Structures are given as C-alpha cells and as structure tokens.
Amino acid sequence: MAVNLVNVENVSKVYGTRALLDGISLGVSEGDRIGVVGRNGDGKTTLVRMLAKLEEADTGRVTHSGGLRLGVLTQHDSLDPAATVRHEVIRDLADHEWAGNAKIRDVLTGLFGGLDLPGFPQGLDTVIGPLSGGERRRIALAKLLIDEQDLIVLDEPTNHLDVEGISWLANHLRERRSALVCVTHDRWFLDQVCTRMWDVQRGAVHEYEGGYSDYVFARAERERIAATEETKRQNLVRKELAWLRRGAPARTSKPRFRVEAANELIKDVPPPRDSSELMKFASSRLGKTVFDLEDVTVQAGPKVLLKHLTWQLGPGDRIGLVGVNGAGKTSLLRAMAEAARTEGEAQPAGGRIAVGKTVKLAYLSQEVGELDPDLRVLEAVQRVRERVDLGKGREMTAGQLCETFGFNKEKQWTPVGDLSGGERRRLQLLRLLMDEPNVLFLDEPTNDLDIETLTQLEDVLDGWPGSMVVISHDRFFIERTTDRVFALLGDATLRMLPRGIDEYLERRRRMEEAVAAASPVAVKPAAGPSAADQRAAKKELQRIERQLDKISEKETKLHDRIAGNATDFAKVAELDAELRQLTGEREELELRWLELAEDA
C-alpha cells in the first residue's frame with residue numbers, strides 16, 4: 001500500500017472578498033504524478049504553495065509525513081546572486097567527484113546542453129547575479145533535480161526550456177521514483193508525465209485519473225452528463241476532445257475513461273479546420289505572393305544565422321518554426337517583418353525578401369508592448385476596431401472577442417495598468433487579431449497563458465483565414481495550430497520536417513551523437529591523419545557537398561509538388577515516401593561529412 005506523503009484537510013484561503021480555495025481536502029501518496037491545471041488566478045500556485053507549507057491556510061490544515069524530503073521549484077528562485085553555478089548546483093564538489101556521478105552528468109547535459117554549460121560565459125564558474133531570469137530558473141531546477149526527494153513540487157517547470165529541454169525533463173521525471181505535483185500549461189508535458197490531474201475551478205479542486213488526454217475525455221463526459229456548463233465552454237471542450245481523439249501525435253495510448261462515451265460525444269464534431277476552404281479564402285485575401293525569400297542571409301551582429309535561404313510563405317500556409325536557441329528563429333521573423341513594414345525597402349544582409357502587395361502583417365513578439373495604463377481593457381481593444389471579421393460570415397464585436405479571450409464583462413473595465421503579465425499578453429494578442437491582419441507571426445504566443453485561454457485562442461485560429469508562422473516551445477500548440485513544421489538546426493539552413501517535432505528531436509539526438517563521436521577521447525593523443533589522408537578526406541568532403549546540394553534541390557522540388565497536389569492524398573503519400581527516402585540519404589551523408597571533417 002502506498003504511503004501517504006501529504007494530507008490537505010478542509011483547507012480554505014481568502015484574498016480580499018474572494019474565496020480562492022474553499023474547503024479543499026486531498027492527498028499525495030508515494031508514486032503519485034499529479035498535474036495541476038486551471039485558469040490563471042483560480043489558485044493553482046496558492047494550492048501548491050500551501051501543499052509545500054510555503055504559505056499558511058486561513059482554515060484547515062496541511063500535514064507532512066515524518067522525515068518527508070521535499071523539493072520545491074517556485075516561480076521566484078532563492079539563489080545567492082554572489083555565488084557561482086558550481087557552488088549552487090554541485091556544491092563545490094571536485095571535478096572527478098561530480099563528473100563520476102551519472103545523475104549530475106544527465107541533469108547538466110539535459111538542462112544546459114553540456115557539462116561545460118555552453119552559453120554561460122564562464123561555464124560552471126559563472127556568477128549567478130548578472131544572469132537572466134530564465135537562466136537562473138534552469139539553475140534552480142538543476143539544483144533541485146540533482147538531490148533525492150520523496151516529493152517534488154514544480155510550478156511552471158517548462159518555462160524558459162526549449163523543445164529538447166522539455167522532452168528531456170519529461171523523460172527524467174518519468175524515471176524518478178519521487179512523487180510529483182506539477183503546475184504547468186504545457187499539455188504535451190502533462191500527457192507524458194502525469195497519471196492524475198487536479199483541476200482548480202471556482203474555489204474547488206476536481207480530481208481525475210490519467211494524463212491530460214484522459215482529463216479532457218472525463219471533463220467532457222462530466223459536462224455532458226451534468227449539462228450545466230454554458231454552450232460556448234462545452235463546444236470548446238468537445239472540439240479539443242475531437243482533436244485529441246483523431247490521432248494528434250504523442251498522445252496517451254491508454255485512455256481509461258469511457259472511450260465509447262467519448263467517441264459518441266465527438267461523432268458529429270468536424271475536424272478543427274476546413275483547410276481547403278481556408279486556403280481558398282486566404283488566396284482571395286492575399287493573392288499568389290505573401291513572402292518570397294531568395295538566397296537570403298540573416299545575421300545578428302557578425303554572426304551568420306541563415307545563409308543562402310530560398311523559401312516561400314504562401315497564402316494559407318500555417319507553419320510551425322522550431323530550433324535550437326540562438327539559431328535565428330526570431331531573427332528570421334524580424335527580417336521578414338521589417339521587409340513588410342518598409343514595403344521591401346529594408347532587406348537582410350544578403351539576398352532579397354519580396355512581400356506581397358496585399359500583405360497586412362500582425363507580429364506578436366516576445367516583448368509585451370506598452371499600453372496606456374489608464375485605458376480600460378475594452379477601450380484598448382475598441383481603439384483598434386469596434387468589430388472584427390473572422391471570415392466565413394463570422395463577425396465579433398470587441399466585447400465578444402474580449403470574452404472569448406477570458407475578459408468577462410467586469411474585467412473589461414479593469415485599467416490596463418492593473419492587469420497581470422499573462423492578461424497583458426492576452427490583450428496584446430487580442431488587439432493584433434482585432435486589426436484584421438491576413439498574415440500572423442506569433443513568437444512564443446503561449447507564454448503566461450492558461451490552458452483554457454490556449455484552447456480559446458486555438459479555436460479562434462482554427463477559423464482564421466491567412467498565412468501564419470508560429471515559434472513556440474509548446475509542442476501541443478504547434479501541433480494543434482499548424483500544418484507543417486520547419487526547423488533551424490544551428491547549421492544556417494531551414495529544413496521542412498514531414499514528421500514534425502518527433503523528427504526534430506531525432507535529428508538533434510543524431511547530431512549530438514555525431515559530434516560526441518567525432519570529439520577526441522581524452523586518454524592519450526593519437527597520431528593525426530597523414531597529409532595523404534587529409535587530401536583524400538577533403539576530396540570526399542567536396543563530393544559529399546555536391547551530393548547534398550543535389551538532394552537539397554530535389555527536396556525543394558518535392559515540397560513544391562506536395563503543395564501543388566495538396567488535395568490528392570494518394571499523390572501526396574507517394575511524394576512523401578520519396579521525400580523520406582531523400583531525407584534518409586541526406587542524413588547518412590551529413591553524418592559521413594562530420595566524420596571526415598575531423599580528418600580534413
């Protein structure tokens with residue numbers, strides 16, 4: 001029988017006149033992996049802080065088992081700014097001591113990309129004080145994971161992690177024996193890690209067995225039976241359920257809740273998007289040209305991020321953009337946005353970006369733009385437009401769109417200066433959509449948004465007719481809102497990935513393995529290659545580069561043919577098989593190129 005680690009008995013918490021938590025009773029046992037979800041401001045963080053005894057309840061009590069080893073990651077770290085990373089994370093252990101510890105090696109590699117902490121100016125000896133909030137948060141997470149605990153409590157652990165870091169953390173937590181309570185808006189992460197869910201709503205906590213997919217099934221079924229929720233919310237839940245049940249990648253394969261009832265619930269729900277209809281409408285709004293990039297070079301200062309890039313964003317294209325940090329994702333969008341803003345006058349370091357004459361671009365950057373703090377929320381939206389055309393005869397007033405994005409009638413009269421960071425993010429996105437753009441660039445749009453707001457945003461984007469590029473570390477959001485994934489792998493090129501983020505992670509693993517295999521082993525220096533070997537290696541490198549160029553040309557032509565036959569599924573499947581074969585050939589050549597580069 002599992003040992004009970006934490007008991008929460010009849011706990012309540014009131015802020016001002018609002019009961020955030022009202023008579024909550026629940027527990028955490030050995031082996032539990034609990035995901036905590038709910039709208040921003042409904043009490044998720046307060047609940048886990050009281051669970052960890054970082055905050056006192058107004059009534060009720062929280063008890064821990066004797067000798068409980070508890071690790072907590074809050075949204076604000078307590079690191080010593082004068083200390084080094086080495087001191088905080090590995091406690092000044094000698095190099096041979098920590099380097100011989102497999103767990104420490106795994107955590108440092110998984111969270112920082114290498115034992116020498118690439119990206120930190122002095123590696124492990126970097127002083128913490130000047131580091132960014134995201135870097136400090138990764139250090140705090142590493143410090144926690146290196147220790148042994150009976151229970152780990154994590155508040156938004158995936159913030160500031162890239163796709164690879166999130167994938168590593170999910171695997172790491174699955175393999176640990178510690179119990180887990182985790183607040184996160186990352187739905188893919190919840191599905192991978194959690195076996196129970198706590199849904200915090202209106203002062204109560206509803207418990208569900210299973211991961212995020214199971215939670216959506218159970219919640220939809222509960223709302224169907226109860227029939228008490230408003231129609232809008234129920235329709236959103238049914239739409240997300242339809243998406244989950246129709247084969248979204250990497251979802252749980254063992255739904256434990258009334259699968260027959262879930263299937264009955266969604267039998268009349270159409271696919272999230274009518275792609276062909278949206279493509280027609282987008283073409284009528286945009287014409288043939290949206291963005292054409294020809295032989296483009298993108299730089300950040302002296303660093304070349306992309307070179308010789310020829311790429312096209314067409315009408316109705318919905319593109320997900322992933323890649324290693326610093327590879328140039330944001331820089332690419334900025335270069336395209338600048339070309340659009342100046343009507344083609346501002347051009348990148350090399351090549352040319354042609355912008356369609358009818359393009360009306362909205363760009364959501366990672367920085368939240370400043371608004372007059374005295375404006376009310378509704379006024380800030382109405383200053384853009386009173387009504388918005390969402391296509392296909394759908395129209396919304398500023399007030400209706402505010403409600404869709406979680407600003408109820410009372411909240412619409414809140415001054416902008418009183419909004420939280422997440423609410424300002426929502427308002428910024430709302431104002432962009434209100435301006436009726438036909439091209440959207442979204443750079444980390446999910447930052448600070450709760451799951452319910454994310455599903456509402458996805459619902460709006462489902463019917464939005466235009467071209468869209470999304471940069472996000474939220475794997476679920478990318479898979480849900482886009483049709484194709486492109487990647488920047490740090491080699492100054494942009495590649496289409498037919499199998500999406502799974503393929504991206506596989507490629508990154510192979511690249512890292514190839515680099516590790518090519519690096520010299522620190523036993524004793526081996527004799528370097530002879531002059532004849534170097535000449536032979538250079539000759540073969542040149543041959544491989546020519547082959548790679550030819551394969552790249554073939555891939556570009558295949559992508560064009562796939563786009564041109566988008567409605568012929570048999571033809572697309574045939575072309576996709578050719579593309580996969582070419583991809584395999586290119587990957588083998590790239591690995592051989594890396595092997596030869598050392599000799600050359």
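Here is a chat between two people about how the labels on this predicted model are earned.

Colleague: What should I know before we start?

Modeller: The model is predicted, so local features need pLDDT of at least 70 and side-chain atom pairs count only at pLDDT 80 or more, while totals for chains, interfaces and linings use all residues. Residues are numbered from 1 along each chain as its sequence is written, and side-chain values use heavy atoms, with hydrogens and water left out.

Colleague: How many helices and strands are there in the protein?

Modeller: There are 20 helices and 20 strands. Both are DSSP runs numbered from the N terminus: helices are H or I with at least four residues, strands are E with at least two.

Colleague: What makes R196 and D32 a salt bridge?

Modeller: The term asks for a side-chain nitrogen of Lys or Arg within 4 Å of a carboxyl oxygen of Asp or Glu. For R196 and D32 the N to O distance is 2.8 Å, so the pair qualifies. R196 sits in strand β8 (residues 196–201) and D32 in the loop between β2 (18–29) and β3 (33–38), 164 residues apart. By this rule the count comes to 30 salt bridges.

Colleague: Are R196 and D32 buried or exposed?

Modeller: Both are buried. That means under 20% relative accessible area; exposed is over 50%, and partly exposed is in between (1.4 Å probe, protein chains only).

Colleague: Why is R341 called exposed?

Modeller: Its relative accessible area is 60%, so R341 clears the cut-off for exposed. E338, at 31%, counts as partly exposed. The side chains of R341 and E338 also meet in a salt bridge, at 2.5 Å from N to O. They are three residues apart in helix α12 (residues 329–341), and therefore separated by about one helical turn.

Colleague: Why does E458 with R480 count as a salt bridge?

Modeller: The N to O distance is 3.9 Å, so this pair passes too. E458 is in helix α16 (residues 451–462) and R480 in helix α17 (residues 475–481), 22 residues apart. Both E458 and R480 are buried.

Colleague: Why does E135 have no salt bridge?

Modeller: The nearest side chain of opposite charge, R138, is 4.8 Å away, so the pair misses the limit. (Lys and Arg count as positive, Asp and Glu as negative; His and the chain ends are not counted.) E135 is buried all the same, and its place is in helix α5 (residues 133–146).

Colleague: What makes E135 and S132 a polar contact?

Modeller: A polar atom of the E135 side chain lies 3.0 Å from the backbone nitrogen of S132. A polar contact is a pair of N or O atoms within 3.5 Å; within protein, one must be able to donate a hydrogen and the other to accept it, and residues adjacent in sequence count only if both atoms are side-chain atoms. So the distance fits.

Colleague: Which residue caps the N-terminal end of α4?

Modeller: N101 does: a side-chain oxygen lies 2.9 Å from the backbone nitrogen of K103. In α4 (residues 102–112), I104, V107, L108, G110, L111 and F112 are buried.

Colleague: How do you know which parts to trust?

Modeller: By pLDDT, the predictor's confidence in each residue, from 0 to 100. The protein averages 82, and 83% of the residues score at least 70. Over residues 248–258 the pLDDT is below 50, although that stretch has 27 contacts in the model beyond near neighbours in sequence; contact means heavy atoms within 4.5 Å. Where pLDDT is low, the predicted coordinates should not be read in detail.
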